[in-house]
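The two exercises below are to be worked with the sequence and the coordinates side by side, and each is followed by a solution in steps.

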Amino acid sequence: AVLAPDWSRPLLERMPEVDAALSLPFGHGELRLGERLAQGRALAGQYDQVIVLPNSLKSALLPFFAGIPRRTGWRGEWRYGLLNDVRPLDKTRYPLMIQRFAALGFPRDTALPESLPWPELIVQPETAAAALAQHGLCTDAPVLALCPGAEFGAAKRWPERHYAETARHYLARGWQVWLFGSAK
């Protein structure tokens with residue numbers, strides 16, 4: 001099960017590895033402590049372990065309130081007591097975000113496998129056809145999909161000129177360039 005913002009639900013629902021997409025109704029930076037407590041209590045007794053990916057204090061509150069027996073995450077933002085399987089992050093050992101997230105799913109100090117499984121997306125042909133029609137898109141040429149935004153500002157975003165250069169490169173070779181993202 002994945003607890004995440006509602007905007008990620010369409011993606012999570014297409015991943016066979018995900019049994020349930022649970023709604024996280026809190027925006028970035030919102031504490032809403034009483035609501036977190038209520039949602040945590042509603043999840044009580046349903047899970048044996050949670051892996052908390054964000055390093056924030058707020059992200060560790062709900063699993064704590066749910067009383068999930070094993071709460072695993074990287075050390076960060078004074079989460080002692082909220083997490084009970086707190087691990088120090090060695091960024092040289094896990095330079096990639098995928099490695100950092102995957103490492104939390106293994107027992108402490110376990111070496112990661114040589115290759116990690118890729119997530120799978122199951123898309124129904126009729127759903128894909130409807131989305132293409134809705135947005136006036138076609139697949140008669142290769143597609144380069146770019147997601148140029150970053151919700152929390154330019155610090156986490158590749159510079160625009162790099163996106164433009166990459167798009168020009170592929171357009172010159174007959175590809176289509178599709179841009180994806182949200183209002184942010």
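Two strands are taken to pair if DSSP finds at least two bridges between them. The model is predicted.

**Exercise 1.** Establish the order of the strands in the open sheet, decide which strands stand at its edges, and place the helix that packs on the sheet.

*Solution.* Begin with strand 3 and strand 4 (residues 70–74), which pair in the parallel sense over 4 bridges, and note that glutamine 49 stands opposite arginine 70 in strand 4. Next, extend the view to the whole open sheet, in which 3 strands follow the order 3-4-5 with parallel pairing. Strand 3 (49–52) and strand 5 (85–87) each have a single partner strand and therefore stand at the edges, so that one side of each is left without a neighbour in the sheet. From one strand to the next, the twist averages 15°. Finally, add helix 3 (residues 57–66), which packs on the sheet by touching strand 3 and strand 4, and whose direction makes about 175° with that of strand 3.

**Exercise 2.** Determine whether arginine 87 is buried or exposed, and identify the backbone oxygens that its side chain reaches.

*Solution.* First, locate arginine 87 in strand 5. Its relative accessible area is 4%, and because buried means under 20%, arginine 87 is buried. Then follow its side chain, which reaches the backbone oxygen of alanine 103 at 3.1 Å, while a polar atom of that side chain lies 2.8 Å from the backbone oxygen of phenylalanine 106. Lastly, setting aside neighbours within four places in sequence, list the residues in contact with arginine 87, among them Arg70, Thr72, Trp74, Leu104 and Pro107.

Technical notes. Residues numbered from 1 in each chain as written. Predicted model: local features only at pLDDT ≥ 70, side-chain atom pairs only at ≥ 80, totals over all residues. Heavy atoms only, no water. Helix = DSSP H or I, 4+ residues; strand = E, 2+ residues; numbered from the N terminus. Axes fitted to C-alpha atoms, helices over the stretch in contact; angles between N-to-C directions. Contact = heavy atoms within 4.5 Å. Buried < 20%, exposed > 50% of the residue type's maximum accessible area, 1.4 Å probe, protein only. Polar contact = N/O pair within 3.5 Å; in protein donor to acceptor, adjacent residues only side chain to side chain.
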